[in-house]
Structure formats: C-alpha cells, structure tokens
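Please read the report below alongside the sequence and the model. It takes up a few local features in turn and closes with the confidence of the prediction.

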Amino acid sequence: MSRSANDPGPAGAAVRFAVVGNPENRRAALFADAVRAAGLPAPRMVPWERVLRSGGAEFAADETVRLDSPGENQEVDRLLRGAQDPTRVEGSALWYRRFVRAARGLRGGIRLDDTDELAVLFDKRRCHAVLAAADVPVPRSPTSGPDAAPVTGWDDVRAAMRDHRMPRLFVKLAHGSSASGVLAVESSAQGRIRATTSVELAADGRLFNSLKVRRYERERDIAAIVDALAPDGLHLERWLPKASQRGRAADLRVVVVAGRATHAVVRTSTSPLTNLHLGGSRGDLDAVRDGVEAAGGRWADVLAVCERAAACFPRTLCVGVDLLPAVGWRRFAVGEVNAFGDLLPRLTGLPGGGAEGLDTYAAQVAAVLRRARAHTGPGHRQHRDDGHHQHRTGTTHVSA
C-alpha cells in the first residue's frame, strides 16, 4: 500500500528519496544533485528496466518515491513500445498501456506522482476533457473526452476540419510527447493542404522522429502519415494563432510545484512547433511580462491559469504546463499538462514563486521537506491518503 506525499510517515522521520528512472539519464543526476544539496542521502535509484522486467517494485513505508521519465533509454523504449528502432514514431498506444501498468506495479512508499492522474496526463483526450470541465481555457477539440468519436484516419481529420470549421488544427498522438507525431495542419480557401511536423515519412511508409521540422504539401503524404498514426489514437485541437516575439511564434512552459508556479521559460520558433529540441530557442520572459501588462493584463493572472491546470492533478507534486498566448498577449490557453515537464537545466525560480534561486529539482525537494516539517510539527495529527538517420531522434517523453 502506498501513501501520498500528504502523509509523510512517522513524526520526526528523515526524508529518504527513491527514484524510478533511468540511472544514466541527466534527469536522475540533476535530481540526485538537488537531494544531496539539501543535506539528504542520495536517492535510491530503481531502474525502469528492472521495473518493467519484474512487473513492479517495492518501497519502504518511509521512502518518498519520485517517478521520472522512462525516455532516452533504448532498451526501456523497446520494452515499452516493442520497437527495435527508437527513432520510430509508431507504438505510443502500447507504450501507454505498458507504462501505466508498470506504474501500477509500484508498491509502498510515499508517492509524489499519482498513477490514476498519470494515466490522464498521458492521454491528451482525457486530459483536455478534465481541464475543460474545470473551466481551464483550452483550444477547442472534437476529440476531447471518452465519449468523443475516435479518429480512424485522414478522412476523419478532413471531416473534422469541415464540420467544426477548423481550417487550421493540430493533429497529436493521444499518448505522444516531445512533439512526437504532431502535425500542424492548415488548409487554404482553394483547398490546398500543408502540414508542418517533425515526422519523417520514409519511402516505404515507415515514420521516424526527426530533429528536422518538415513541411508536407502533398495531401497524399499527409494522409499517409495520419493513417499510419491513427491506430495509436489521435487528438485534434484548433490551432490558435500565437503571440510572437521578435517575429517568432512564442509560447511558455510553466512548471508548477505543490500548487505554485515556480519556473517559466519562453519558447520561440519560426515553425508552429516550439519545442527546444526541434530548434526552438528560449525567449525573453521579461518581454512577455511587459507585453501582458501593456495589454492591460496581470502576470499573476497568467500564472494563475497554470496553477488552475495543475490543480486538476492534486496528487501529483510537479507538472509542466504548456501555455499558449494569443496574439496581443491578452488571452491564454493551456495546450498540454506534462507529467515530466521539469527538465529545464540552469533555470532558477520566478520572483515571488517560492523557489527563487532554485532549479526545478531543488524546488521539488524543498516542497517535500516543507510538507514533511508541516506534518511532523507539534500537534499534527497524521492521516492516510491511500491512494541512425543523422536527424532522427528517439521518443523521449521528456523535453520542453
């Protein structure tokens, strides 16, 4: 039986961390550095490969358990997706089923990530519906929620564009991450179609993740990509025109820790895909604040949108919120909420966010320690909450 972080265990017990992750990954190293910097013993590392091969793992009652991304490890990717080539796009539905099953096989400890919430966070259709039900602003979607009709191929995308009056939309893998399988599709009044994507369509029809953003202008190529991705599940969203910074499309990744927006980075790109690993670059956060205020808004209200999105997942300590600013910096919508959206090296906390001078990992360690102190103070009553192509890249499920 596991407990949530709201029940840290016996009074006075020192915090001991365990991490389920890939030991060689920089995420593991960065989190371990943050734990040691807080004066705590290095976390016990439980490799995802071992969890997947053994069907789970056991944790001591006083271990605080953090789940980290299973990405960037070829053998773990093979065990999750069944793919021999980590640069292949297909297999995200199998990845999802096996990942959720593995997370449910973790027993004991004090969890910083809730398995049921992870299952929602890694299904864009379900996540969108949860956000919409909580009145969090999101792009319009005809695939949101469990009752929406599935997208079986390109013909369904074409019909959605027509029936929902969406000449520009994003086609996303329901269980994808790091822009894997994402297509930004736009149509003209004359019927021409163009898609911008990191998907490389090989001559034999296979699909590969690529570090190079491509534009496809032949409808048969776009249809071939969508038809190949459809069995893994697709999510459609209206393409909202984004604000720009220095002539480049801009959005934000905002990290929310224990309910507070602690870190933010601006991502800019010449393409609709702003992910930093696809050639996006960090923008000027001060300029964003100035733009919001010049438009008559308040920066605190912008961050509050992200905190409202994170509040939909109250049993998960940390999420990364992708925030989409509309042209003019007056309105914002949440594009995605990421379970493993904290990989922002060297970025320190926002002023007034409670994590000044701390990176995203140190902020999470500090939040756990604050909770532990609060729950072991005088008069506290404990409670339980049981609950190779040179441009190709593997599916990471990690990056901003």
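Glu-186 lies in strand 7, where helices (H or I, at least four residues) and strands (E, at least two) are DSSP runs numbered from the N terminus. At 17% relative accessibility Glu-186 counts as buried, the term buried standing for under 20% relative accessible area, exposed for over 50% and partly exposed for values in between (1.4 Å probe, protein chains only). Leaving aside residues up to four places away in sequence, Glu-186 touches Pro-167, Arg-168, Arg-192, Ile-193, Arg-194 and Trp-239, a contact being heavy atoms within 4.5 Å. This is a predicted model, in which local features need pLDDT of at least 70 and side-chain atom pairs count only at pLDDT 80 or more, while totals for chains, interfaces and linings use all residues. Residues are numbered from 1 along each chain as its sequence is written, and side-chain values use heavy atoms, with hydrogens and water left out.

Two of the residues that Glu-186 touches, Arg-168 and Trp-239, also meet each other, since Arg-168 lies over the face of Trp-239 at 3.7 Å from the ring centre. A charge is taken to sit over a ring if NZ of Lys or CZ of Arg is within 6 Å of the ring centre and within 35 degrees of the ring normal. Arg-66 lies over the face of Phe-31, at 4.5 Å from the ring centre.

Strand 7 (residues 183-187) pairs with strand 6 (residues 168-173) in the antiparallel sense over 4 bridges, and Phe-170 stands opposite Ala-184 in strand 7; two strands are said to pair if DSSP finds at least two bridges between them. The open sheet of 5 strands has the order 9-8-7-6-10, with antiparallel pairing. Its edge strands are strand 9 (207-216) and strand 10 (234-238), each of which pairs on one side only. Neighbouring strands of this sheet are turned by 25 degrees against each other on average, direction ignored. Axes here are lines fitted to C-alpha atoms, for helices over the stretch in contact, and angles run from 0 to 180 degrees between N-to-C directions.

Helix 8 (residues 219-229) lies across strand 6, strand 7, strand 8 (193-201), strand 9 and strand 10, and runs at about 55 degrees to strand 8. Ala-228 has its place in helix 8 and is partly exposed, with a relative accessible area of 27%. Ala-228 and Arg-168 are 60 residues apart in sequence and 21 Å apart in space, C-alpha to C-alpha.

What surrounds strand 15 (residues 318-325)? 8 of the 8 residues of this strand are buried, so strand 15 is largely enclosed by the rest of the structure. Cys-318, Gly-320, Asp-322 and Leu-324 point one way from strand 15, Val-319, Val-321, Leu-323 and Pro-325 point the other way, and all are buried. The antiparallel partners of strand 15 are set out below.

| Partner of strand 15 | Bridges | Opposed residues |
|---|---|---|
| Strand 12 (residues 248-257) | 6 bridges | Val-257 and Cys-318 |
| Strand 16 (residues 332-338) | 6 bridges | Val-321 and Val-337 |

In the hairpin of strand 15 and strand 16, which has 6 residues between the strands, Gly-328 takes a positive phi near 95 degrees.

The structure holds 9 aromatic pairs. Rings of Phe, Tyr and Trp (its six-membered ring) pair if their centres lie within 6.5 Å, with planes under 30 degrees apart counted as stacked, over 60 as edge-to-face and the rest as tilted. Trp-95 and Phe-99 form a stacked pair, at 4.8 Å centre to centre and with 20 degrees between the planes. Being 4 residues apart in helix 4 (residues 92-104), Trp-95 and Phe-99 are separated by about one helical turn, and both are buried. The rings of Phe-99 and Phe-122 have centres 5.3 Å apart and planes at 70 degrees, so this pair is edge-to-face. Phe-99 lies in helix 4 and Phe-122 in the loop between helix 5 (115-121) and helix 6 (124-133), so the pair ties together parts that are 23 residues apart in sequence. Phe-122 is buried, with a relative accessible area of 6%. Trp-48, Trp-95, Phe-99, Phe-122 and Phe-340 form one aromatic cluster.

The protein averages a pLDDT of 91, and 90% of the residues score at least 70, pLDDT being the predictor's confidence in each residue, from 0 to 100. Over residues 6-12 the pLDDT is below 50, and this stretch has 22 contacts in the model beyond near neighbours in sequence. Over residues 379-390 pLDDT stays under 50, and the model has 29 contacts for them beyond four places in sequence. Where pLDDT is low, the predicted coordinates should not be read in detail.
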